[in-house]
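Colleague: Please take me closely through one strand of this model, then set that strand in its surroundings.

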Amino acid sequence: MSQHLFSVEKVEALIRRGAGLLLAGDESLLRRLPPGNWIGGTIPYFMAEGGGCVDHQRIFVNELPAGLEVTGIRRYGDGDIERIYSDLPTNGFGVVIAPASSKVHLSFALNAPKYDGFAMRPLIGWISGVHLSELGRVTPKVFDGNSSEALDQQAVVMHVALPPGKVAEIGILNIFKESDGPAITFPTSGFAASTVEVDGRPCNLAEFIEESGLDTRAPLVADYCGTNINVSFQAVDRAKGEVRFYAPVFPGLRYHHAKPVSDYVAEFASGLPRGIDGKLAFSCNCILNYLHSGLEGRSTGGIVGPITFGEVAYQLLNQTMVYLTIDSACA
Amino acid sequence: MQVPPTAHPAWTGLVTGKTQIQFSFLGARMFMVRAQLELRNGGGTPEMTRKCAEQLRQLFAQNAECNSVQQDLAKIFG
């Protein structure tokens, strides 16, 4: 597998060669690319070989490993995103990119686990974004390589077939762990919450956060059968008594605030699974990890990829590194 | 290891929470949370339970060549 920051000209050459490419970069660069076997999303932040960086001049290129075949590129809006899992190839996997804050992003985030075929085949991907100085002024986009078209209200999914004897598997690395603090439960699902239960007692979450001095740079964490799944804080509006999140909370799950992390890079390196080096086909990490952990100029154990406004490992995640490995099938 | 049929009681035990194991396969962890919430919110009828057990079995069958799935099958069915 090849993962590098390349000039537009170099990416053009790869596309014309027929390579299967997952691209990330500045909108103006992606708009210059010819049609081909590629999908892309806008973002100028990357974990590159030299460490975390902002780059408006080059495109981050994830070339699919040899032997993998792009069997199609699909687009989904919020009206048909529910087919995303059932459309995946039975002998492969899918890579999704959705534009941040689009209807399809929000719909997928809220409802994905209820869709037919959820988790039956690997679906990995990310949410495209913009430079933080452009928030609210520029719309995040995704690109469908079939036509090189930029989309701001549809998700693109690349379908990839595996050769016989190979399997694809998704993994995540989340360094955040539940603290021993109170359990927070939510009455409804959504990206915002007001009244919640804290250790079974009703209270306003915005007031609770302010009074308890909760550090909202660390997420809420829920236990998914042994895997910690984060929901990151977006804003606390004390006046409205409302807390907004970057991913939805769900009723029936118990959330705890995460334990503080003293050194993200050290924790990340120690949490990396062994033996995945030669098997990695794709990985990405979250903009909040990049910001709060000061990843600019720092390296995360050789793991490279786009920095994102949300990660997908079957469903939407926050503040998590997700990755896909291609391995030999068990006999 | 082969994936036992849906009729095997272990599948029902897993989705109802009567049997608990630490899954190695991330897809199974994600699916189990969805299934348990669905059963809790929907009253956990026998029909819903059977449907979830069938889907869990299907998840294992479709990913049976993954090393982590084989590890989980060994944990569940020994």
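Modeller: Here is the strand I'd pick, followed by its sheet, its domain and the partner chain.

Some housekeeping first: this is a predicted model, so local features need pLDDT of at least 70 and side-chain atom pairs count only at pLDDT 80 or more, while totals for chains, interfaces and linings use all residues. Residues are numbered from 1 along each chain as its sequence is written, with chains lettered from A and ligands numbered from 1 in the order in which they are written.

My pick is S6(A), residues 59-63. Strands here are DSSP runs of E, at least two residues, and helices are runs of H or I, at least four, both numbered from the N terminus. Five of the five residues of S6(A) are buried, so the strand is largely enclosed by the rest of the structure. Buried means that 20 or more other C-beta atoms, placed from the backbone, lie within 10 Å of the residue's own (12 or fewer is exposed, in between partly exposed). Ile59(A), Val61(A) and Glu63(A) point one way, Phe60(A) and Asn62(A) the other, and all are buried.

Now the neighbours. S1(A) and S6(A) pair antiparallel over five bridges, where pairing takes at least two DSSP bridges between the strands. S2(A) also runs antiparallel to S6(A), joined by four bridges. Val61(A) is a handy landmark: this residue is the bridge partner of His4(A), and Leu23(A) stands opposite Val61(A) too.

Step back and you have an open sheet of six strands with mixed pairing, in the order S1-S6-S2-S3-S10-S11 of chain A. S1 (2-6) and S11 (149-151) of chain A are the edge strands, each pairing on one side only. The twist averages 20° from one strand to the next, with axes fitted to C-alpha atoms (for helices, over the stretch in contact) and angles taken from 0 to 180 degrees between N-to-C directions. Helix H1 (8-16) of chain A packs on the sheet, touching S1, S2 (21-25), S3 (38-42) and S6 of chain A, and its direction makes about 25° with that of S6(A). Contact means C-beta atoms, placed from the backbone, within 7 Å.

S6(A) falls in domain 1 of chain A (2-173 + 265-328), with domain 2 at 184-257; those bounds come from an automatic or database domain assignment. The C-alpha centres of the two domains lie 27 Å apart, and 11 residues from each domain make the contact. On the domain 1 side, H3 (103-111), H6 (287-292) and S26 (315-317) of chain A each supply at least two residues.

Then there's chain B, with four helices and zero strands. Its radius of gyration of 12 Å agrees with the value near 12 Å for a compact globule of 78 residues (taken over C-alpha atoms; the rule is 2.2 Å times the number of residues to the power 0.38). In chain B, 21 residues are in contact with 22 residues of chain A. H2 (26-41), H3 (46-62) and H4 (67-77) of chain B each supply at least two residues of that side, and H2(B) gives the most, with 11.

Terms used
Two residues are in contact if their C-beta atoms, placed from the backbone, lie within 7 Å.
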